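User: I am new to this structure and would like the reasoning behind the terms used for it. Please take each term in turn.

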Amino acid sequence: MRFGLSYVGISTSCLGDLTRGESVDGIHDMGGQHGWGSVAIDPDEKVFASDWEARAFAMGAMSAGLSGTNLDAFRHALERLHPLEYLADGYYGRWLACAELLLVDHGVLPAGAVDARAQNLLGNEVSEPTETSGEKPQYERNGSGSIRSIEDPHGFAVGDRVLARNMHREGHHRMPAYIRGHTGTVVALRPAAVLPDSTAHFTAEDAQHVYTVAFSSTDLWGSTAEPYTLNIDLFESYMEPTS
Amino acid sequence: MTAKPHPDDRAPAPIRAEALEALLTEKGLVNADGLNGLINRFVNDVGPMNGATVVARAWTDPEYRERLLEDGTAAVGEFGFAGPQGEHIVVVPNDAKNHNVVVCTLCSCYPWPLLGLPPDWYKDPAYRARVVREPRVVLSEMGLNLAEDVEVTVWDSSAENRYFILPERPSGTEDMSEEELAELVTREAMVGVAVVGSPT
């Protein structure tokens, strides 16, 4: 699926300083949205539709390491893209834009360097910026990957009824809007993991217990919803006991 | 801070990818061999055939199936399947009465070591948006019509657990070898948007 900016009928030049702070209620939080059309499987799909997408994947995959950041910061970078840019060049277009964002933010590349080089590749002679700003984050990691062993006792047990907190945190987190404020039941305990809210912003790991919580479709979407169960993984601080 | 959109006259994505690679190469941070190695790994070495191997073993070896459902990460590790996006694998069985389907509404989390990189439909906003709201309608569009008495569960992969569906073994396969069974298993069945059909 591809969305050009002209496809959505908006000229980016008229958007001015339209930015949205760091709110996480962005284009990426797609669960439950209407209007995206139907879903079809392409049985002949290749892993990469074109060579540039393969290059974008590889550089995107390496960008967290090259910028001294992490997977959660990469996901947050996806969320920080302007909503039009999130859609403009498809999935690997997003990865390319994220790689650039992390590498510029953390002082590996000068701002505007990629655009300037691209213009030069197109034969338009422009000067390329040389000054970087920003630096690699300094923070402590207690291991590789995201899973951790922690001593804290579990706050919840299988069978507990819990409320998905109606939280509206700035910055990165992993609580989709469609779950917030709803009550579900803990169905499984999962390994503790670093809290993306913290690691994406390089403040700490804040590893927490993770739970799979089941919600009824009619609780989420009303009495006319299809009957099914929605299972989702929630960090302990995203949950509170029901009274 | 949310990034501003780039101007309309921005170079197309293929040129920007070339520009980024050139800049990183000049800094000595990437090289063509390294990028090609990573790309080739996901084009040639890691893909749904890994998951299909696991499924065929689980269909033919009840003890393996038990280990797989008990500790997915360890059981798939017996085949050497491990790595990024496979830190904690949870295997969920489908059968005639219970149908499970996996999504990542917030990005595109997917069990890379077992299935490779996600296909377009998994990354499509339509799938991410709708399968948590009207799963039967979405599955029907994708060619899977479930009987009314089937219990549907949708798994939204919002943390670092990666869900992998163990499809039900189809009838008419009693005499097939593990290798032949693996050939029947599709990527779509291991995400839960299809079932494995009987051989024709």
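User: What makes strand S1 (residues 161-164) of chain A and strand S2 (residues 183-193) of chain A a pair, and in which sense do they run?

Analyst: The model is a predicted one. Two strands count as paired when at least two bridges are found between them. S1 and S2 of chain A share 3 bridges, so the condition is met, and the sense is antiparallel. Within this pairing, A:Val162 has A:Gly184 as its bridge partner in S2(A).

User: In what order do the strands of the sheet stand, and why is the sheet called open?

Analyst: The order of the 7 strands is S5(A)-S1(A)-S2(A)-S3(A)-S4(A)-S3(B)-S2(B), with mixed pairing. Strand S5 (239-241) of chain A and strand S2 (98-103) of chain B are at the edges; each has a single partner strand, so one side of each lacks a neighbour in the sheet. On average, neighbouring strands are turned by 35 degrees against each other, direction ignored.

User: What are the secondary structure elements of chain A, and how do they follow one another?

Analyst: Chain A has 7 helices and 5 strands. Starting at the N terminus, the sequence of elements is α-α-α-α-α-β-β-α-β-α-β-β. Along the principal axes, the C-alpha atoms of chain A occupy a box of roughly 65 × 45 × 40 Å.

User: Which domains are assigned to chain A, and how many residues of each take part in their contact?

Analyst: The assignment divides chain A into domain 1 (12-121) and domain 2 (161-241). Their C-alpha centres are 25 Å apart. Domain 1 of chain A brings 15 residues to the contact and domain 2 of chain A brings 19 residues. Together the two domains bury about 1200 Å², with 53% of that area on carbon and sulfur atoms. The rule finds 0 salt bridges across this interface, while 4 residue pairs are in polar contact there.

User: Which domains are assigned to chain B, and what separates their centres?

Analyst: Chain B is assigned domain 1 (13-44) and domain 2 (47-191). The centres of these two domains, taken over C-alpha atoms, are separated by 31 Å.

User: What area is buried between chain A and chain B, and which residues supply the most of it on the side of chain A?

Analyst: The size of an interface is often expressed as the accessible area lost when the parts come together. For chain A and chain B this area is about 7800 Å², and carbon and sulfur atoms give 60% of it. A:Val39, A:Arg55 and A:Arg174 supply 9% of the area that chain A buries against chain B, more than any other three residues. The contact involves 86 residues from chain A and 81 residues from chain B.

User: Why is the pair B:Glu26 and A:Arg117 called a salt bridge?

Analyst: The cut-off is 4 Å between a side-chain nitrogen of Lys or Arg and a carboxyl oxygen of Asp or Glu. The closest N and O atoms of B:Glu26 and A:Arg117 are 2.7 Å apart, so the pair qualifies. Between chain A and chain B there are 7 salt bridges, and 32 residue pairs are in polar contact across the interface. Several elements of chain A supply at least two residues each to the side touching chain B, among them helix H1 (51-66), strand S3 (208-216) and strand S4 (229-235).

User: How do you know that A:Asp197 and A:Arg169 form a salt bridge, and where do the two residues lie?

Analyst: Their N to O distance is 2.4 Å, which is within the 4 Å limit, and therefore the pair counts. A:Asp197 lies in helix H6 (residues 196-199) of chain A, and A:Arg169 lies in the loop between S1 and S2 of chain A, 28 residues apart. Over all chains the structure holds 22 salt bridges.

User: What makes the approach of A:Trp221 to B:Val132 a polar contact?

Analyst: A polar contact requires N or O atoms within 3.5 Å. The side chain of A:Trp221 reaches the backbone oxygen of B:Val132 at 2.9 Å, so the distance satisfies the limit. A:Trp221 belongs to helix H7 (residues 217-221) of chain A. Beyond residues up to four places away in sequence, A:Trp221 touches A:Gly31, A:Gly32, A:Tyr178, A:Tyr228, B:Val132 and B:Arg133. The C-alpha atoms of A:Trp221 and A:Tyr178 are separated by 8.9 Å, although the two residues are 43 residues apart along the chain.

Technical notes. Residues are numbered from 1 along each chain as its sequence is written. Chains are lettered from A and ligands numbered from 1 in the order in which they are written. This is a predicted model: local features need pLDDT of at least 70, side-chain atom pairs count only at pLDDT 80 or more; totals for chains, interfaces and linings use all residues. Side-chain values use heavy atoms; hydrogens and water are left out. Helices (H or I, at least four residues) and strands (E, at least two) are DSSP runs, numbered from the N terminus. Axes are lines fitted to C-alpha atoms, for helices over the stretch in contact, and angles run from 0 to 180 degrees between N-to-C directions. Domain bounds come from an automatic or database domain assignment. Contact means heavy atoms within 4.5 Å. Buried area is the accessible area (1.4 Å probe) that two parts lose on being put together, summed over both. A polar contact is a pair of N or O atoms within 3.5 Å; within protein, one must be able to donate a hydrogen and the other to accept it, and residues adjacent in sequence count only if both atoms are side-chain atoms.
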